[in-house]
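This note comments on the internal cavities of the structure shown below and on the residues that line them.

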Amino acid sequence: MPTPFGLMLRDLRERANLTQQQLADKAGVAVRTIGRYEANARSTPKADTVELLARALDLAPHEVTELSAAAGFPVHRAEPPAGAPLGQFDARLVEAAKQLAGELIPRWRREEEQRKVHIAPLPVGWRTAEHLSDHWENVFAATGEAPRPMDLDARLEQVVDVYRGVPSRRLVVTGEAGSGKTVLAMRLAMGLLDIREDDGAVPVILGLESWHPGTDLRAWITARILRDHPGLGAPFPDGTTLAAALVEHDLILPILDGFDEIAPGLQTDALARLDDASRMPLVLTSRTEEYRAAVDATKPLTGAPCVELEQLGLDDLAEFLRLTARKSDQGVPLWQPVLDEMRREPRTPAGEAVAAALATPLMLTLARTVYGGTPNRDPAELIEPRRFPTPGSIETHLMEQLVPAAYRRSTEGRRFEPDRARHWLGRLARHLERLGSHDLAWWELGTSMHRLARAAVMALTVGLVFTVLDTVAVGLLSGFGALDIALIAAVDLAAGTAFAIAHTLLAGRDGRALAPSGVQIRFRGARTGGRRHLGRRFRIGFTAGFLLAAAAIGARDLVQGFVFDLPPGFVATILTADVVAFGGSVGLSTGTTYVLLSLWERPMDFESVHSPVDLLRACRRTALAQAVVFAPVLAVVVPGTGWAVVQVLQALPPVFGEWRWDFAFGLLIGAYAATMGPIGYVLALTVWGRWLVFGRLWLPLTGRLPWAVPAFLDDAYQRGVLRRAGVVYQFRHARLQRHLSGDRSGAA
């Protein structure tokens, strides 16, 4: 028997005179899913599926609420203000899309210049892969035109015309590793941005390796856009964000790069989930073998023809190398001996090996870098059969020589030696391999360490900072004594441990739950989030404050009990009372303060973040501004809450003895909370603080990274070893990352 949701869905569908298939087509939901809802008592929908069905059925607001309630997801949508123009919110989305496009155009132009793909463009071509394409009837289904086979064979400069000629606006691009799929994605995005109209979709390139098919695709796309463009976190009248509204209204064209980078066991499910979003225009790239295996297990992506990139021919290689390489001292093209060997008849093993190795754009551009900008390097060594008997040996050689070549191109003012750079890049590559990611994010440095190791480093760092500050303060006020030093060390190391525990809880098991929030502290403008976030904020603040206070007061009581040889039972009684009273009062104070802090949080300005360094600076400003707000509030709220708690305890039966409030002690804990609370919060509970602890201190101190990490990453980007993808770096290619990670000396 169907659920109440299934019964209501069937009634609404029949009222709209729609079949299950017609509703599925309108909503972008699989027809088997709708059939399951209407027939199966155990089948319950997700909230986003309910919204898709409600829009497809054109329900009134009260009907949306009723359908959502039947599914167990009550929805309260914000209504437009009375008298507001009907197109006001659409105009706001159009403006947001325009801003996003304006941000992406210069970003991709810089990336294109950095990769030098505009100089002697790579002769990348492709052919239609009929066996991996969906039926042409499905490709033309939304147009009403008569279906017909399409010849999509073309070259890189025609990619925009090819995509726009596909009626479904869905395309799959396959090819071997290094065949130019990412370059094609970038060229397509640039071309579409150049001809985009004001109300057109904005192409956004997204690496698929971080998507799990258990995560809703639109929600994941929204999260990735918010990461790279935090200004789109501004609230939208429907209760979501500008980013979510852009995705929901198909003003984002996702170019999903790297289907093959999804975990092998999840690729079939991932293709099925992509198929569920059958109405969403998209471009998908993948290595041929992985996509073929997923298609064999399910079916081709609905409505999407497939093209397969071809390897480069000898004429293509010769033209590219002629235009991009320097000449020898005799005026002969540097690559002439290699080209002659590749063309020799009969074919030689050396010529075949080098031709096969350079048949992909990746290896061809690596060869240009290794031999084009390095003095005294002769590519003729590639045709020495004893050194390079196979294509694989040549490919390994080119990847191994990329870093030395890139770091020897310019010796003037050089900050990073090639050997040290190779060591640090190997550490970063190993870090990413452990995370299973290609995104080198500054806020995730240190997360590939074991969870206990991260906690120990955080506890030691925060505890030492507290100890130094406390020691200086006590020394200036009353001089140093053995008991003072013992109490300071015990209390502050315990407080550091408490903050480390709070950090570990907030960051999650793998440490990656702590990420940039996309907010800034301002006193005007639309607030971020909403009431639903306040409870979580209070829990975070209460937990951090309670742990800090309980650890500090507990350590003090234990040290005093040991020094004065107090009875264990008495120490336990005092310890319990202090932890409950002091920990509870401080927890209430910090929880309340963290909630109050949300009053001044605003979305980051759209124009403020263009690069990883921009995001780092924005997070630093936010963390320091939060600390400035925290300090005076805690100085008043913590002792005030402590006084109130003592007044309540005085009215209760004296289970732990008589409670008294000492004014001097109140000032002391207020000063301690106002000083150590914000410092601990910044170091342990913000991404910029974690960056300070690991990226600026621990990893350089242990030799895993240089001291000037931002300068090193930007330098590697300028040299072509890394590339930028929004607010993160990536290695130039996934194969290069895997190659460099072969240095098993550790992870960052």
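1. For the classes used here, Ala, Val, Leu, Ile, Met, Phe, Trp, Tyr, Cys and Pro count as nonpolar, Asp, Glu, Lys and Arg as charged, and the others, Gly among them, as polar. By these classes, the lining of the largest cavity holds 13 nonpolar, 4 polar and no charged residues.

2. The model is predicted: local features need pLDDT of at least 70, side-chain atom pairs count only at pLDDT 80 or more, and totals for chains, interfaces and linings use all residues. Residues are numbered from 1 along each chain as its sequence is written, and side-chain values use heavy atoms, without hydrogens and water.

3. A cavity is a set of points, on a 1 Å grid over the protein atoms alone, where a 1.4 Å probe fits but cannot get out; lining residues have an atom within 4 Å of a point. Points are joined across faces, edges and corners, and a volume is the space filled by probe spheres set on them. The count is 7 cavities of 30 Å³ or more.

4. The largest cavity encloses about 170 Å³. Among its 17 lining residues, Ala 544, Gly 545, Thr 590, Gly 677 and Tyr 681 are the closest to its centre. At least two lining residues come from each of α22 (534–563), α23 (568–597), α24 (612–650) and α25 (663–685); helices are DSSP runs (H or I, at least four residues) and strands likewise (E, at least two), numbered from the N terminus.

5. The second largest cavity holds about 80 Å³. Its lining includes Arg 107, Glu 111, His 610 and Arg 724. Two or more lining residues come from each of α6 (88–115) and β10 (722–725), with α6 giving the largest share, 4 residues. By class, this lining has 3 nonpolar, 2 polar and 4 charged residues.

Note on methods
1 Å grid on protein atoms, 1.4 Å probe; cavity = no way out; pocket = protein on both sides within 12 Å on 5 of 7 lines; lining within 4 Å.
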